[in-house]
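Please open the model in your viewer and keep the selection panel at hand. The tour below goes from stop to stop, saying what to select and what is found there.

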Amino acid sequence: MVAMISPRSGPMDIEPRHNTAMQIVARALAGCSHPLPWLMLLAIILRAWAALTPGFHHPDAIYQYLEPAHRLLTGEGVITWEWRVGIRSWLLPALLAAPLFVGETLDPHGQLPMILPRLATAAASLGIVWAAWDIGRRQSRTTGILAGVVAATWFELIFFSAETLAEPLAAAALIPVAALTSAPRPNTARIILAGALVAFAALARPHYAPAGAAMLLVSWWPSLRLTHFDWRRWVLLAIGASSVAVASIVVDASNGLTPFAWILENFQQNVVHNVSARYGTFPFLSYIAWFMEVWRWWLIPVIVGVLFGWRQSPGLLAAATITLLLHSLIPHKEYRFVFLSFAAITLLAAFGWGELIGLARARFGAVIAGRLAIGVFGMWACASIVLAQGTMAPGQLKPNTDGWNTFAHLRADPSVCGVALIQPASFANLPGAVALSLNTPISMFWTGDPASYQNRPWATAARWNATFNRIVTIYGYGNAMRAPPGYVVEHCEQQWMNRMCILARPGSCSRSDASPFLINRVMARTGF
């Protein structure tokens, strides 16, 4: 990573009279004439590592996107309440279906179907690295390299890059728009692409639509004045946006969904009826509190950087601010919801520190600026590593590996003919039918299910034992592990004090179709 850094902000090389180790290092840093390919290579390596790491951050990564993509391909899959009432578009599942299909074809009993969609989303996030470099280099080459390195290596950007979630995908579309629209003279292709990316971000995550609008208005504010109104620019933008909108219409209509009606239904369910509140509500300033808990002392360098760097991309600052304010008004909050905000703030801070290096060069000379550059790059690298190990970051960024590995074990076992989830095991802990072999029915036994025998999950499961031959459950907090008659403990994952285990019995399965405890029937009854 060090070999890519250039401490200079102007055309002159560092003076040769300072024959010191610092000068030698600085010369090596200045020697990279084409940094963008190296920045991309660094980002690719780290994002591939993230995509290949087992686990998923949130159940939505599976049940809102990968599982519907699996249903598009096979007709199988868990249907959550969001899909039953119609508040999701088929656009993202349709896009994820392509890498999922390749994975299923090449590795029907392995992990490739789960990995390839993650690699695809990681590849999409490379646009953020390009945008950071493109915006930063307009201020100076050093700023471009610093912003590119930060975009490639910052721990939050790496972690979310591989998640099949709407927020990182929408941000991966919107942040490049800041670069495309802030160019001094954006050409036709750039403007059309910007329109397409804004539309994609708005359809992937409608909550980001105001951010996209704010970014365009701030970036193109001079062209909005009557005396300078640029009709051509806005027409080209509309052409790009329309192309994505038409694609969304075709995808939704072909799957029986009224185009764009899902946006209104989403608003009605989550804002009017406040359904999302059942998953938890938080105060207005919760996102600020979470930033303080995750970034801690690093907030001071971030604020300093943003104070200097916002001028390089006012549109990016506007998008970050609008996103943060809008989501603060919504009672149900999750850290990932404001991915666009903390990604944009991180880049703006990097732009600012690049500008500070340039100011140091102008005032104190190239050698001092070179030393400062090395310190700034090192400061960002250390912050990324240290903050990722902090007390709050793991809680916000920790992947669910136990469920991933458990279902990977089941997928690789050809003798599995049915899987039962028995409380406290939940579908939210596990990656769904997409992670199992085809034609593997999933049953779920929970308390609170009106069809459960005397509200006793284990007793109910015993009555329908013939419909599955594997049980997934969780033991912990001192509870003894007791396998029911005919079952043995086959495999366990360890996470803190809980153990997610697979219990197995020999033999085949029967009457699966007749079971009232197939997971979709249970979820429809219980409202999940």
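Begin with N439, which sits in the loop between strand 1 and strand 2. This is a predicted model, and in it N439 has a positive phi of about 60 degrees although the residue is not a glycine.

Stay in that loop and select P424, which also lies between strand 1 (419-422) and strand 2 (442-445). The peptide bond that joins Q423 and P424 is cis, with an omega of about 15 degrees.

Next, leave the loop and select helix 2 (residues 35-52) together with helix 8 (residues 141-153), whose axes come within 8 Å and cross at roughly 10 degrees. Angles under 35 degrees count as roughly parallel, and helix 2 and helix 8 are therefore roughly parallel to each other. Looking at how the pair is arranged, you will find that helix 2 passes helix 8 in a right-handed crossing. To display the contact, show P35, L39, L42, A43, L46 and R47 on the side of helix 2, and R141, G144, I145, G148, V149, A151, A152 and T153 on the side of helix 8. Coloured by class, this contact of helix 2 with helix 8 shows nine nonpolar, three polar and two charged residues.

Keep helix 8 selected and add helix 18 (residues 339-364), which packs against helix 8 at an angle of about 150 degrees, with the two axes 8 Å apart. That angle makes helix 8 roughly antiparallel to helix 18, and helix 8 passes helix 18 in a right-handed crossing. Here the residues to show in helix 8 are T142, T143, L146, A147, V150 and A151, which meet T346, L347, A350, F351, W353, G354, E355 and I357 in helix 18. Sorted by class, the contact of helix 8 with helix 18 consists of nine nonpolar, four polar and one charged residues. A151 deserves a separate selection, since this residue of helix 8 appears in the contact with helix 2 and again in the contact with helix 18.

Where should you look for the lining of the largest cavity? Select R47, T121, S125, I128, L157, F160, S161, E163, P168, L169 and F339, which line it; R47 was already on display as part of the contact of helix 2 with helix 8. The structure holds two cavities of 30 Å³ or more, and the largest has a volume of about 60 Å³. Helix 9 (155-161) and helix 10 (166-181) each supply at least two residues of the lining of the largest cavity, and the largest share, three residues, comes from helix 9. By class, the lining of the largest cavity divides into six nonpolar, three polar and two charged residues.

For the last stop, select helix 11 (residues 188-204) and helix 13 (residues 231-254), which pack with their axes 7 Å apart at an angle of about 45 degrees. Helix 11 and helix 13 are therefore oblique to each other, and helix 11 passes helix 13 in a right-handed crossing. On helix 11 the contact is made by T188, I191, I192, A194, G195, A196, A199, F200 and L203, and on helix 13 by R232, R233, L236, L237, G240, A241, S243, V244, A245 and S248. The residues of this contact of helix 11 with helix 13 divide into twelve nonpolar, five polar and two charged.

How values were computed
Residues numbered from 1 in each chain as written. Predicted model: local features only at pLDDT ≥ 70, side-chain atom pairs only at ≥ 80, totals over all residues. Heavy atoms only, no water. Axes fitted to C-alpha atoms, helices over the stretch in contact; angles between N-to-C directions. Helix = DSSP H or I, 4+ residues; strand = E, 2+ residues; numbered from the N terminus. Parallel < 35°, antiparallel > 145°, perpendicular 65-115°, else oblique. Left-handed = near helix turned anticlockwise from the far one by under 90°. Contact = heavy atoms within 4.5 Å. Nonpolar A, V, L, I, M, F, W, Y, C, P; charged D, E, K, R; others polar. 1 Å grid on protein atoms, 1.4 Å probe; cavity = no way out; pocket = protein on both sides within 12 Å on 5 of 7 lines; lining within 4 Å. Points joined across faces, edges and corners; volume = space filled by probe spheres on them.
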